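Morning, everyone. I'll take a few minutes on packing in one model, and please hold comments until the end.

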Amino acid sequence: MSLRNNVLVRRYRDFRKPSNVKTVIGSLLALIAYFGILFMDPATYGLPGLSLIETRIVAIFVTAAILWISEAIPTWCTSVLIIVVMLLTVSDSSLWLFANDPSLTDPSAQHLGTPISYKSIMATFADPVVMLFMGGFVLAIGVEKVGLDVFMAKALLAPFGNKPAFVLMGFILVTALFSAFISNTATAAMMLAFLAPVLRSLPDNGSKGKIALAMAIPLGANIGGIATPIGTPPNGVAVKYLNDPDTIARLEAAGLESSQTSFLDWCSAMAPITLLILAIGWVALMLLFPFGKGEKIELKIDGGLKKGYKTWVVAITFVLTIVLWFTGEWNGLNANVVALVPICCLCLTGLLSKQDLEKINWSVLWMVAGGFALGLGFNKSGLATDLVTAIPFAEWSPIVVLISAGLICWLLSNFISNSATAALLIPILCTVGIGMGESLVAIGGLKTLLYGTAMAASLAMTLPISTPPNAIASSTGIISTFDMAKAGLIIGVIGGIIAYIILIAANAM
């Protein structure tokens, strides 16, 4: 099964590789934008008085946006580029060419500003949220290694019987449950491996049930990730900024409620919304792609638990980690700290080998780190404060901001990595939310804005290129692009509207 998973994942990654033409055009646009902003008067884009370092941060942000949206180079490469350029141009260990303050010799020149500690920039590679995701990846490796994932899938799917409607519900819910704690790409590949024999055995009698079953995988994988902070990178990015000391300090300075969010806080708010969207998706798939009368589905899943102490170690570690995550408010452990528990346990017991470390999704970790570096640049350079001062955010309509943020995130995430979208938008939205002050409190404050944006990223599933689960499901050849777009649009729009209403009502109370 793991071989099949690897084939599907490789196929998706090959599909997303940038073409030579896209690389050249995107890279040229990024270079033009970078140097254009460096030599442009900040007053031109409405922010007079910016220091040189703040201007360079703006240039880096725009360059990253162009590269992420055009996908001229892999998204994780863009993140590495962000960190390296920041180290070379805005840190306290930057190149001599960028370290000199021209205002010291020319009073009319733009002031250099305060350099950012190179240690803090490099530390984004090992940010606590990066460790949180690493712990999740290691847990997933351990679970797959001893066959616990197959055992759990068998046990969880068994109660749903053989009636098509209930089997469809079973695949949606079980996929969503796995995706809440394990990579949605790995989950989709694993569940599709279980579903493949079922799809082959169904008769070609005009029934559209096959499409519904195949769509159950990306639906469950994409939406299930909303439920927990480790379910998908956009959630982790949102939690990072909500818990960031700079964010909390700025909120307190503005007399606003703290945005601090625990693992349990996120789950208690987002898990019910996840279940609601899944229910909407189930009904939508049943109506769009109905099964034939009298159809029955027999599930036969091969494989199971491996015998030996290793299985017990993984099972106990898995349960212990989840319990510690959910009881953080009582045990005093931060979720990021708990994430190191499975790494330690599996290393000490010999379950995590050198080869297993290579399976960690390093590209996602580096992708997220680049987004954190951008946010660090915004805060430490003073750019975030200048934006709040220069732009009258408090006069903006909170509902318009919330809807616009979600819509932009949803649109972008349909075409580019949702991790890149979150890394691009959330630092800006964090600044916008703080700048709006009391006006945003009526709809739940900064939490509602960032929770909703992260959720919108996961609702983007209209195209095969939108998410890895979509691409993997599309590889079956059963789902046409039109069918995927139709289902993804209906579920995304209806689910998103209802979810936003609940989110606003819950956080505004």
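I'll go through the cores, two helix pairs, the cysteines and a few single residues. Keep in mind that this is a predicted model.

Let's start with the nonpolar cores. The largest one has 126 residues, and within that core Leu213 and Trp325 touch the most other members. Helix α7, residues 128-145, supplies the largest share of this core, with 12 residues. A second core, separate from it, has 36 residues, among them Leu38, Ala59, Ile60 and Ala384. As general background, nonpolar side chains in soluble globular proteins tend to be buried together.

What does Trp325 touch, leaving aside residues up to four places away in sequence? The list is Leu132, Leu139, Ile230, Phe263, Leu264, Ala335, Val338 and Ala339.

Leu213, the other residue named there, brings me to the first helix pair. Helix α9, residues 164-179, packs against helix α11, residues 209-224, at an angle of about 30°, and the axes are 7 Å apart. An angle under 35 degrees counts as roughly parallel, so that is how α9 and α11 are described. The crossing of α9 past α11 is right-handed. On the α9 side the contact uses Val167, Leu168, Phe171, Ile172, Thr175, Ala176 and Ser179. On the α11 side the residues are Ala212, Leu213, Ala216, Ile217, Leu219, Gly220, Ala221 and Gly224.

Staying with Leu213, look at Ala473. Ala473 sits in helix α25, residues 468-474. Its C-alpha atom is 9.8 Å from that of Leu213, although the two residues are 260 apart along the chain. Ala473 has a relative accessible area of 1%, so this residue is buried. Not counting residues up to four places away in sequence, Ala473 touches Ala214, Pro218 and Ile479.

Now the second helix pair. Helix α3, residues 52-70, and helix α20, residues 362-380, have axes that come within 10 Å and cross at roughly 150°. Are α3 and α20 roughly parallel or roughly antiparallel to each other? The cut-off for roughly antiparallel is over 145 degrees, and α3 and α20 are therefore roughly antiparallel. Here α3 passes α20 in a left-handed crossing. From α3, the residues Ile57, Ile60, Phe61, Ala64 and Trp68 meet Met367, Gly371, Leu374, Gly377 and Phe378 of α20. Ile60, you may recall, is also included in the second core.

In the loop between α3 and α4, residues 75-89 for the latter, we find Glu71. Glu71 is not a glycine, yet its phi is positive, near 55°. With a relative accessible area of 11%, Glu71 is buried.

Next, the cysteines. How many disulfides does the structure hold? The count is 0. Cys267 is in no disulfide, and the nearest cysteine sulfur, that of Cys409, is 19 Å away. Cys267 counts as buried, at 7% relative accessibility. Cys409 is in no disulfide either; for Cys409 the nearest cysteine sulfur belongs to Cys430, 15 Å away. Cys409 also counts as buried, at 1% relative accessibility.

Cys409 has one more neighbour to mention, and that is Thr453. Thr453 lies in helix α24, residues 445-459. What else does Thr453 touch, not counting residues up to four places away in sequence? Besides Cys409, the contacts are Ala405, Ile426, Leu429 and Tyr500. Thr453 counts as buried because its relative accessibility is 1%, and buried means under 20%.

That's everything on my list. Comments, please.

Terms used:
Residues numbered from 1 in each chain as written. Predicted model: local features only at pLDDT ≥ 70, side-chain atom pairs only at ≥ 80, totals over all residues. Heavy atoms only, no water. Core = buried A, V, L, I, M, F, W, Y, C linked by side-chain atoms within 4.5 Å. Buried < 20%, exposed > 50% of the residue type's maximum accessible area, 1.4 Å probe, protein only. Helix = DSSP H or I, 4+ residues; strand = E, 2+ residues; numbered from the N terminus. Contact = heavy atoms within 4.5 Å. Disulfide = S-S within 2.5 Å. Axes fitted to C-alpha atoms, helices over the stretch in contact; angles between N-to-C directions. Parallel < 35°, antiparallel > 145°, perpendicular 65-115°, else oblique. Left-handed = near helix turned anticlockwise from the far one by under 90°.
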